[in-house]
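I sat down with this one over coffee and went through it entry by entry. Here are my notes, in the order in which I looked things up.

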Amino acid sequence: MRTTWREHAYHAVLWLVALVFFAPIAWIILSSFKTADQILATPPVLLFRPTLDNYVQLFARESFLHQLFNSLFLSISAVLIAVAVSFLAAFSFSRFKPAGTDFLMFLLLSIRMLPGSAAILPVYLMYVGFGWKDTYAGMILFYAMFSIPFSVWILKGFIDGVSPRFDETGRVNGASWLRIITRTILPQVMPGVIAALIFNFIFVWNEFLFNYIIGGLQTSNVPVALTTGLYSSGGVDWTFISALTSVYLVPPVLVVYFFQRYLLVGMTFGTVRGEV
Amino acid sequence: MPGELAAPGLHARRPAGGGIARFLGRRTVLPGLLLIPVLAFFIVWNTIPTLWLLGLSFYRFSLTSGRAPIYAGLLNFQNILNDSGVWLDLSRTLLFVISGVGIQTVLGMLLGLLFWNSQRLPGRRVALTMLFAPMVLTPVASGTFWRLIYDPTFGVLNSILRGIGLPGTNFLGDSSTAFAAVLVVDIWMWTPFMVLMTLAALASVPKAELEAAEIDQLTWWQRLRLVLLFHGKYILMLGILLRTIDSFKTMDLIYNMTFGGPGTTTQLVAITLYRRAFEAFNMGWSSALAVILLLISIAFTATFIFVLHWRDKAEA
């Protein structure tokens, strides 16, 4: 019996750790069901009549629906474009190893290692110069560019793991390269494709700085809405912030729940594999 | 589809000796063709802007003055290197990276070891989702909400402090506590990442060696050093490097929380650049600073790839 008791204690400790890390997020969600006075009450109230007013008001804002649409539209289209072109490039890097592969892979990665304000500065000047600021195409293509390094690195790792015998068999049997790439390689690297899709999605979904600088009224996403809508007439608008954050965290948290297996490969550019 | 299967004669045309390398080695436009889209993206959105940046860093140019850029040679770089404010921001960033990543690594490794045998934890998936959630929450949103948690009058943290008889503190508003307060949020957000990396590192240890360590009755310290760290060190190093690079870039988290304040006590170098570029619109100076940060990032990337190759060699 002693072992089971110890196991229970061990499990209780693990749950406690998880709850400690989740506590601030739980506090946000809890606050989103409070009135403005309850959010600022001292001492903080734990028991209260939950209200859905904050959500009703949030979704009544036309600007919010527009920004939510932007968040979805920008992240989904940028990520799809990025993964599609990255898959082709990763295949080329993996199979043909054209001259300069290592150097290009290095350059690609270094884009992602640069602080955001340094990365966006020249793009901002270019966009102002060309009049691309606050256009959907401008935003989507920039986000796609920023998602490419990650996708190429993840996908190259996965394609490296598929034996070239498959290509060879396909060639011998007269299949075109396009057919080999889409019918033979793609199905085998689906986990890599999923990892690249969801981690770039989370990145673009949460991205604030680039959107704030090269976006505008038309293309602003929810993180920008949160920053610009921070203050209402009576100080910081906490009901708006808590409701908005609670809505906005749903997709990333669902991703972590459903795609836990891909978390590791996704967060390490595909350089570390393994189950969690 | 049978129609697309090879005619027998095709095998005869296969190059002698066979092997994928052989027939892929034939000069073909395909490798280049497949790269065109990525290269196009890379050239338009990276190479051209970077060259633009590089060029501008040699000019005196402000967007607010309305004057055309004036060639200034290395003046911007000289100004930056002589600017004690920039050095202060850089050293503050260094302190932020070292203390943040250091604490995250130690705490992450301890929690990772704790979660090592959690396979039978009831609701494990939910528990891990809760643990990993801080990493995927929008940084501007968590930064904003931590402001409420830290608030001197309405914040839950100060209520707890007052409840146990301690004096309340204006964590983010007081220049002596603001840096530590921001650091705590960064640690909360990113310790789960080091837990994840530690779990991956532990999973890379061969079972047989763990059993051997058990039989040889190694002490826990010997086990950690000789077995766990011996096999897991590459993954941990990659984790520490990724965290270092990311921490060096910290911007969104601080943006709504303190925006570098009070004074400049939480102003990391990414914020410095933001202020000079997008508030003061001093583009020449900012470009020069961005070039310096670019060089630092390239050094980080090179180190990361060096560790990757090192691991590949060790595992080969």
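**Ground rules.** I call a residue buried if 20 or more other C-beta atoms lie within 10 Å of its own, exposed if 12 or fewer, and partly exposed in between, with C-beta atoms placed from the backbone. I am reading a predicted model, where local features need pLDDT of at least 70, side-chain atom pairs count only at pLDDT 80 or more, and totals for chains, interfaces and linings use all residues. Residues are numbered from 1 along each chain as its sequence is written, and chains are lettered from A and ligands numbered from 1 in the order in which they are written.

**Entry 1, the two chains.** I took helices (H or I, at least four residues) and strands (E, at least two) as DSSP runs, numbered from the N terminus. Chain A has 15 helices and 2 strands, and chain B has 14 helices and 2 strands. Of the 276 residues in chain A, 49% are buried; for the 316 residues of chain B the figure is 40%. Along the principal axes, the C-alpha atoms of chain A fill a box of roughly 75 × 70 × 30 Å, and the C-alpha trace of chain B spans about 85 × 70 × 40 Å.

I also looked up the radius of gyration of chain B, taken over C-alpha atoms; the globule rule is 2.2 Å times the number of residues to the power 0.38. A compact globule of 316 residues would come out near 20 Å, but chain B has 26 Å.

**Entry 2, contacts.** I count two residues as in contact if their C-beta atoms, placed from the backbone, lie within 7 Å. Among contacts with a separation of 6 or more, residues 24 or more positions apart account for 76% in chain A and 70% in chain B.

**Entry 3, where the chains meet.** The contact takes 84 residues from chain A and 90 residues from chain B. Which helix gives the most to the side of chain B that touches chain A? I found helix α3 (residues 30-56) of chain B, with 15 residues. I then sorted that side of chain B by type: 68 nonpolar, 17 polar and 5 charged residues. Here Ala, Val, Leu, Ile, Met, Phe, Trp, Tyr, Cys and Pro count as nonpolar, Asp, Glu, Lys and Arg as charged, and the others, Gly among them, as polar.

**Entry 4, helix α3(B).** The expected span of a helix is 1.5 Å times one less than its number of residues. For the 27 residues of α3(B) that gives 39 Å, and the end C-alpha atoms are 37 Å apart, which agrees. I noted a kink of about 45° at Ile36(B), shortly before the proline Pro37(B); the bend is the angle between axes fitted to the seven residues ending at a residue and the seven starting there. The buried residues of α3(B) include Leu34(B), Phe41(B), Trp45(B), Pro49(B) and Leu53(B). What do the buried residues of α3(B) pack against? I listed α4 (62-95), α5 (101-113), α6 (116-130) and α7 (136-160) of chain A, together with β1 (59-60) and α14 (283-315) of chain B.

**Entry 5, Pro122(A).** I followed one partner across to helix α6 of chain A, where Pro122(A) is found. Pro122(A) is buried, because 25 other C-beta atoms lie within 10 Å. Not counting residues up to four places away in sequence, Pro122(A) touches Pro49(B), Thr50(B), Trp52(B) and Leu53(B).

**Entry 6, helix α7(B).** I checked the 12 residues of α7(B): 12 of the 12 are buried, so the helix is largely enclosed by the rest of the structure. Among them are Arg147(B), Trp146(B) and Tyr150(B). Its end C-alpha atoms are 16 Å apart, in agreement with an expected 16 Å.

**Entry 7, Thr153(B).** Is Thr153(B) buried or exposed? With 10 other C-beta atoms within 10 Å, Thr153(B) is exposed. Thr153(B) sits in the loop between α7 (139-150) and α8 (156-163) of chain B.

**Entry 8, backbone oddities.** Most residues other than glycine have a negative phi, and most peptide bonds are trans. Lys97(A) is not a glycine, yet has a positive phi of about 40°. Lys97(A) lies in the loop between α4 and α5 of chain A, and is partly exposed, with 13 other C-beta atoms within 10 Å. Asp134(A), also not a glycine, has a positive phi of about 55°, and lies in the loop between α6 and α7 of chain A. The peptide bond from Gly261(B) to Pro262(B) is cis, with omega near -5°. I placed Pro262(B) in the loop between α12 (252-257) and α13 (269-278) of chain B.
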